Each structure stands twice: as structure tokens, then as C-alpha cells.
Amino acid sequence: MAEGMGLGRGLGALLGGDSVAEVGRRRVREVPVERIEPNPRQPRRHMDPGALEDLAESIRANGVLQPLLVRIKPGSNPMDEFYELVAGERRLRASRLAGLERVPVLVHELDDGRSLEVAILENVQREDLNPIDTARGYQRLVDEFGYSHVRIAERVGRSRMGVSNTLRLLKLPEDVLDLVTAGRLTEGHARALLGLEGSAHVTEVAAAVAEAGLSVRETERRVRELVSHVAQSVVDENEKKKRGNKRRDPALALLEKKLASELRTKVTITQVRGRGKVILEFVSLQDMKELIGRLVPLGDREEEKTP
């Protein structure tokens with residue numbers, strides 16, 4: 001049995017600085033599968049059923065090559081111990097599928113916080129974890145353990161920029177993250193869609209990209225075109241407003257202001273080719289009645305001024 005293979009340097013540090021092989025020689029034992037309970041804080045949300053069945057087939061042929069990492073379940077009877085899985089959810093599920101009654105485990109003393117930390121690190125170090133679960137694992141390390149991006153990068157053997165870029169994926173809407181988790185979009189597609197971050201179009205574009213099976217480069221081009229179109233629309237709208245303001249008749253603007261002051265409501269006057277309309281705004285029936293009441297005396301005063 002290849003004890004501790006693939007646990008990674010981050011886990012080695014978390015397990016007290018001992019080499020994993022050394023820890024394994026001291027602590028590996030075989031325990032009944034039914035005495036291992038799942039990790040309630042499992043970071044991995046998505047497991048491919050086909051890949052799980054492939055792993056079960058491998059276990060049937062070769063056994064479990066890497067021990068599961070467990071801790072003694074808190075409150076467990078020392079004479080009748082149960083275990084809580086820390087890392088190795090896929091191996092445990094596949095072992096059950098393969099019909100194994102006992103599996104090798106590496107027992108380590110971990111409190112709840114360290115158990116969660118190890119579980120997250122063990123998962124995010126694996127290449128088969130989808131990018132969204134990886135990003136969520138990183139985020140939990142930041143939120144719950146105060147990790148910096150640099151510290152995560154050191155733990156998982158990636159660049160600081162790579163960690164930061166993966167975390168940025170979580171800025172996308174949940175619908176888009178679901179497409180990545182389901183494998184309909186890649187991490188490259190998701191990064192391209194970040195160009196539409198905050199846009200109401202991002203979910204629509206993501207769905208269209210997945211439906212059409214566009215490449216990452218095609219997605220980047222579509223995002224650039226849309227960003228350019230939106231930017232041009234904003235410029236056009238601003239120019240339109242400027243032109244409208246320039247053509248505004250100062251006499252009408254002054255009259256609007258005077259009427260609004262007299263009637264104590266918003267007044268809009270428009271005029272095109274000599275014809276126009278006056279809009280008086282009210283918010284309720286009572287408001288309208290009071291407005292009419294103010295209009296009539298105003299009309300009387302204007303008539304008195306007429307010779």
C-alpha cells in the first residue's frame with residue numbers, strides 16, 4: 001500500500017510537520033467501512049458518477065492504494081470507536097460501491113477547525129476538483145481561517161495570481177457557476193465571461209455560449225463585441241441628451257419653472273413645430289383635486305390681466 005501518496009506538502013504541514021509516510025507507519029489501520037461516517041463539512045459538491053464507478057472498478061482490482069484520512073468521531077465510545085472522514089470522500093464512496101468491508105485509514109487527532117482546514121486543502125490540491133468547488137474551497141480558507149492568497153498559493157503549489165483568478169470566478173452569477181460545475185463551460189470560458197461582470201447580459205451570454213459550444217477564443221470575441229456595443233450605446237445616449245439639452249428653448253424652460261413654482265408640482269412643456277403640450281404631475285386623486293384648485297385661481301388672475 002502506498003501510504004500517504006498524494007496528500008501534498010500543505011497537508012504534511014497541517015499534520016504536525018511529520019512526513020506523511022512516517023505518520024502512516026505509526027497510524028494506518030484497517031477499519032470496517034460502516035464505522036466511517038461522511039465528513040459533514042465536505043467541500044466537494046459535485047462527483048461524477050462515471051468517474052466514481054471507474055474508481056470502484058480500480059479498487060476491486062487493486063484495493064485502496066491510499067489510506068483515507070479520518071479522526072475518531074467526537075463522543076465515540078473508546079471501546080467501540082466510530083470515525084469521521086476528514087479526506088477521501090471519493091475513495092470511501094468507491095470502496096462501498098466496490099463492496100469492500102474494510103478500508104485502510106490514517107487516524108489523526110484533529111479538532112473541528114483543523115478537520116475542516118485539512119478537508120478543504122486535501123480537496124483543492126486535487127486536479128479533478130472542478131474550478132468552482134476549488135474556488136469555494138479557497139474562499140472558505142480566506143473567510144474561516146484568514147488565509148491570504150499568497151498563503152493558499154504556498155499550500156496548494158500554485159501561483160498567487162492563479163489563486164486570485166480562481167477566486168474571481170465566484171463573482172459570476174450562480175447560473176453561470178452551475179454551467180461550469182456541470183462541465184458545460186470550462187474555467188477558460190468563465191474567465192472570459194468575467195469581462196461582463198456586473199452586466200445583466202452575462203447569464204444570457206453564458207447560456208448561449210454553452211448551447212452553441214463556442215470555444216474560449218470565440219467567447220472572448222463575443223464578450224469584447226458586447227462590451228464595445230454597450231460602451232458605444234452609452235456614448236450615443238449621452239450625445240443624444242446633450243443635443244436635446246442644446247435645442248431646449250430657454251423660454252419654455254423658464255415657463256416650466258414658473259408654473260412648477262405656482263402649482264407646486266412637476267411641470268413638463270414640450271413643443272414641436274409650434275404645437276405642444278403641458279404635463280402636470282400628481283400622485284393621488286386628492287393631489288389632482290388640489291392641483292385643479294390651484295389652476296382655477298391662476299386662470300382668473302391671467303384673465304384679469306387681459307385688457
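**Note on the predicted model: helix α3, Gln 271 and a nonpolar patch**

1. Just after helix α3, Gly 63 adopts a positive phi of about 80 degrees. The model under discussion is predicted, and the remarks below begin with the helix that precedes this glycine.

2. Helix α3 runs over residues 49–62 and comprises 14 residues. From its first C-alpha to its last, α3 reaches 20 Å, which is close to the 20 Å expected at 1.5 Å a residue.

3. Which residues of α3 are buried? They are Leu 52, Leu 55, Ala 56 and Ile 59. These residues cover an arc of only 105 degrees around the axis, and therefore lie on the same side of α3. The partner against which the buried residues of α3 pack is α4 (89–97).

4. The opposite face of α3 should be read together with the preceding point. Turned away from the buried side, this face carries the exposed residues Asp 54, Ala 61 and Asn 62. Ala 61 is thus listed among the exposed residues, whereas Ala 56 is listed among the buried ones.

5. A second site for comment is Gln 271, found in strand β6, which spans residues 267–272. Is Gln 271 buried, exposed or partly exposed? Its relative accessible area is 45%; because partly exposed denotes values between the 20% limit for buried and the 50% limit for exposed, Gln 271 is classed as partly exposed.

6. Regarding the surroundings of Gln 271, residues up to four places away in sequence are not counted; with that restriction, Gln 271 touches Leu 252 and Gly 276. The C-alpha atoms of Gln 271 and Asp 249 are separated by 9.1 Å, the two residues being 22 residues apart along the chain.

7. On the surface, Ile 292, Leu 295 and Val 296 make a nonpolar patch of about 230 Å². One of these residues, Ile 292, lies in helix α14, which covers residues 285–305. Ile 292 has a relative accessible area of 43% and is partly exposed; patch members need over 30% relative accessible area, so the value of 43% for Ile 292 meets that requirement.

8. Finally, some values for the protein as a whole. The protein contains 14 helices and seven strands. Of its 307 residues, 37% count as buried. Among the contacts with a separation of 6 or more, 69% are accounted for by residues 24 or more positions apart. The protein exposes about 18,100 Å², of which carbon and sulfur atoms supply 51%.

Technical notes. Residues numbered from 1 in each chain as written. Predicted model: local features only at pLDDT ≥ 70, side-chain atom pairs only at ≥ 80, totals over all residues. Heavy atoms only, no water. Patch = residues over 30% accessible without salt bridge, like charges linked within 9 Å, V, L, I, M, F, W, Y side chains within 5 Å. Areas by Shrake-Rupley, 256 points an atom, 1.4 Å probe, with all protein chains shown as cover. Salt bridge = Lys/Arg side-chain N within 4 Å of Asp/Glu carboxyl O. Helix = DSSP H or I, 4+ residues; strand = E, 2+ residues; numbered from the N terminus. Buried < 20%, exposed > 50% of the residue type's maximum accessible area, 1.4 Å probe, protein only. Expected span 1.5 Å × (residues − 1). Arc of directions from axis to C-beta. Contact = heavy atoms within 4.5 Å.
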